[in-house]
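This report describes one protein structure for a reader who has the sequence and the coordinates at hand. Please examine the display below before reading on.

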Amino acid sequence: MHQQNMKQRKSVFIISALVLIISAVLTVGGCRSATGGGVVHVTSVSLNIMGHAFMNDGNYELQLEAKVLPENATNKNVTCKSSNERRITVDQTGKVTYHRHYEGDGPEYIDVIVTTEDGGYTSTCTLSVLDDL
């Protein structure tokens with residue numbers, strides 16, 4: 001009887017220890033989640049300017065700003081690219097530079113595309129280059 005009583009106590013002790021360990025793991029997991037320790041993925045990106053027109057009479061600059069959502073996304077990195085690097089260049093800060101070209105080419109439409117590193121979401125600003133009036 002004494003030996004059976006000892007086995008029961010051991011079993012109760014082991015079960016109690018397991019319950020404490022599981023409780024501790026759940027508590028730590030809950031804290032990590034509550035403080036934002038997990039990865040928050042990007043759901044969208046937008047630009048402050050969706051379109052703009054340049055006259056073909058000089059060099060111009062324009063500043064684009066990308067808004068990545070959600071605000072608390074873990075990786076908000078974006079890349080910027082022009083569909084015609086000879087006419088319009090864009091750096092990684094969003095500074096767009098138009099480079100004048102020869103007259104008579106007619107209107108051109110050039111896209112500046114911003115892409116998120118996380119998820120590959122894109123937003124486009126279409127730039128119109130118009131001949132001198």
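The sections that follow treat a sheet, the salt bridges, one loop and the cysteines.

**The sheet**

The structure is a predicted model. Within this model, four strands form an open sheet in the order β2-β9-β8-β5, and their pairing is mixed. Strands β2 (51-55) and β5 (78-82) occupy the edges; each has a single partner strand, so one side of each is left without a neighbour in the sheet. From one strand to the next, the twist averages 20°. In general, the strands of a sheet pair through backbone hydrogen bonds, in either a parallel or an antiparallel manner.

How do strands β8 and β9 run, and how many bridges join them? Strand β8 (residues 108-116) and strand β9 (residues 122-130) run antiparallel and are joined by eight bridges. Within this pairing, Y109 stands opposite S128 in β9.

**Salt bridges**

Side chains of opposite charge can pair when their charged atoms come close. The count of salt bridges in the model comes to four. Three of them are listed here with the separation of their N and O atoms.

| Basic residue | Acidic residue | N to O distance |
|---|---|---|
| K95 | E61 | 3.7 Å |
| K76 | E71 | 3.9 Å |
| R87 | E108 | 3.3 Å |

The salt bridge between K95 and E61 has its closest N and O atoms 3.7 Å apart. K95 lies in strand β7 (residues 95-98) and E61 in strand β3 (residues 60-63), so the pair ties together parts that are 34 residues apart in sequence. K95 is partly exposed, at 32% relative accessibility, while E61 has a relative accessible area of 55% and is exposed.

R87 and E108 meet through their side chains at 3.3 Å, N to O. Because R87 lies in the loop between β5 and β6 (88-90) and E108 in strand β8, this pair ties together parts that are 21 residues apart in sequence. Are these two residues buried or exposed? R87 is buried, with a relative accessible area of 14%, and E108 is likewise buried, at 17%. Both assignments follow because a residue counts as buried when its relative accessible area is under 20%.

Salt bridges that share partners also join K67, E71 and K76 into one network. In this network, the side chains of K76 and E71 meet at 3.9 Å, N to O. K76 is partly exposed, with 35% relative accessibility, whereas E71 is exposed, at 53%.

**The loop between β4 and β5**

E71 has its place in the loop between β4 and β5. The C-alpha atom of E71 is separated by 10.0 Å from that of T43, and the two residues are 28 residues apart along the chain. P70 also lies in this loop, which follows β4 (66-69) in the description of the chain. The peptide bond that joins L69 and P70 is cis, with omega about 0°. For context, most peptide bonds are trans.

**Cysteines**

How many disulfides does a search of the whole structure find? The search finds zero disulfides. C80 is buried, with a relative accessible area of 13%. C125 also counts as buried, and its relative accessibility is 0%.

Notes
Residues are numbered from 1 along each chain as its sequence is written. This is a predicted model: local features need pLDDT of at least 70, side-chain atom pairs count only at pLDDT 80 or more; totals for chains, interfaces and linings use all residues. Side-chain values use heavy atoms; hydrogens and water are left out. Two strands pair if DSSP finds at least two bridges between them. Helices (H or I, at least four residues) and strands (E, at least two) are DSSP runs, numbered from the N terminus. Axes are lines fitted to C-alpha atoms, for helices over the stretch in contact, and angles run from 0 to 180 degrees between N-to-C directions. Buried means under 20% relative accessible area, exposed over 50%, partly exposed in between (1.4 Å probe, protein chains only). A disulfide is a pair of cysteine sulfur atoms within 2.5 Å.
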